[in-house]
Amino acid sequence: MDKIPILRFGHFLLVTIQVDLYDRLALNLESDLIQMVSKTQARGVLIDISALSIVDSFMGRIIGNIAGMSKIMDAQTVVVGMQPAVAITLIELGLELKGVYTALNVEKGMSLLQSKISLPDEDLDNIE
Amino acid sequence: MIVVLNKESIPIDKEQDVVLFRNRVKEYTIKIGMGVVNQTKLITAASELVRNILKYAGKGTVLIEIISSGRQNGIRLVFSDKGPGISDVPLAMKDGFSTGKSLGLGLPGARRLVNEFDIKSTVGKGTTVTILKWKNG
Ligand SMILES: Nc1ncnc2c1ncn2[C@@H]1O[C@H](COP(=O)(O)OP(=O)(O)OP(=O)(O)O)[C@@H](O)[C@H]1O
Ligand SMILES: [Mg+2]
């Protein structure tokens with residue numbers, strides 16, 4: 001079965017969605033990601049949707065579910081690279097992505113996550 | 001007066017049809033030179049309505065038409081199914097109303113995203129939703 005790769009970068013997980021997803025694939029991604037968060041105790045999830053030209057209420061709900069479940073496991077979710085036309089459309093559709101942060105690109109998303117999370121090592125650095 | 005320049009009917013009966021159908025609508029929007037924002041609004045509205053067909057009626061068809069008012073061109077989509085119908089259409093059009101334990105955004109959201117929206121439904125007979133988006137609408 002097709003799978004969307006989930007990459008691990010330290011405390012963060014990164015998923016790049018490259019094509020408009022069939023529903024089953026999107027649902028698989030939701031459960032795979034939630035399992036990965038729990039298994040790796042990740043503190044942040046980055047979902048790169050820059051290649052997505054359409055986000056309807058179904059896809060929006062999946063992103064919301066990922067964020068909600070991750071939050072329960074103490075991880076924050078950032079959606080990166082949302083196309084402007086998609087953002088405008090989501091507002092008019094009336095879909096708010098509650099509990100989801102957004103950033104322009106993966107790099108900005110990473111630093112946003114870093115600022116949201118106090119990682120143990122960095123805390124030590126700050127004390128010195 | 002509205003003139004139909006081109007039409008095509010697409011059957012909808014399985015989940016995979018959603019993405020295929022969206023791609024087909026996209027080809028038409030490109031053919032008439034619709035901008036990206038309007039394209040995205042129309043295709044998102046269409047995606048919601050085609051999902052409703054699958055979820056509530058199981059199957060149906062969509063008619064895709066390129067239309068012209070003389071002054072400008074647009075795309076008209078007619079979603080028809082022979083499903084259970086909707087007993088209270090004004091209620092179904094309200095944000096947040098859902099019999100499917102969902103967000104209840106599909107119908108009211110789709111209406112906001114297009115220039116013209118029409119819904120006709122008869123309980124036990126089926127539902128027809130027509131939407132229209134002008135190229136520069
Ligand atoms: N084609 C249809 N046939 C029968 N009932 C329908 C149809 N489309 C919509 N409905 C009814 O209208 C209600 C509202 O539809 P709408 O698309 O706005 O919300 P939803 O499908 O419940 O949730 P969402 O689209 O946000 O996932 C549905 O719950 C359903 O009862
Ligand atoms: Mg719906």
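## Two pockets and a ligand

Welcome to this predicted model. A good place to start is the second largest pocket, which is lined by Gly60(A), Arg61(A), Gly64(A), Asn65(A), Gly94(A), Leu95(A), Glu96(A), Leu97(A), Lys98(A), Leu103(B) and Leu105(B). Its volume is about 290 Å³, and its lining divides by class into four nonpolar, four polar and three charged residues.

Now turn to the largest pocket, with a volume of about 720 Å³. Ligand 1 takes up this space. The pocket has 36 lining residues, and those nearest its centre are Asn52(B), Lys55(B), Tyr56(B), Thr99(B) and Leu107(B). The largest share of the lining, nine residues, is supplied by α2(B). By class, the lining holds 18 nonpolar, 10 polar and eight charged residues.

What about the ligand itself? Around ligand 1 there are 20 residues, with Asn52(B), Tyr56(B), Ser98(B), Thr99(B) and Ser102(B) the closest. The site is shared between chains, because the residues that surround ligand 1 come from chains A and B. This shell is made up of eight nonpolar, nine polar and three charged residues.

Three residues of chain B have an N or O atom at these distances from an oxygen atom of ligand 1:

| Residue | Part of residue | Distance |
|---|---|---|
| Ser102(B) | side chain | 2.5 Å |
| Gly104(B) | backbone | 3.0 Å |
| Leu105(B) | backbone | 2.8 Å |

On its own, ligand 1 has 600 Å² of accessible area, and the protein covers 95% of that. In chain B, α2 (36-57) and α4 (106-113) are the elements that give two or more residues to the shell around ligand 1.

Terms used
Residues numbered from 1 in each chain as written. Chains lettered and ligands numbered in written order. Predicted model: local features only at pLDDT ≥ 70, side-chain atom pairs only at ≥ 80, totals over all residues. Heavy atoms only, no water. Near = heavy atom within 4 Å. Polar contact = N/O pair within 3.5 Å; in protein donor to acceptor, adjacent residues only side chain to side chain. Areas by Shrake-Rupley, 256 points an atom, 1.4 Å probe, with all protein chains shown as cover. 1 Å grid on protein atoms, 1.4 Å probe; cavity = no way out; pocket = protein on both sides within 12 Å on 5 of 7 lines; lining within 4 Å. Sits in = over half its atoms within 2 Å of the grid points. Helix = DSSP H or I, 4+ residues; strand = E, 2+ residues; numbered from the N terminus. Nonpolar A, V, L, I, M, F, W, Y, C, P; charged D, E, K, R; others polar. Points joined across faces, edges and corners; volume = space filled by probe spheres on them.
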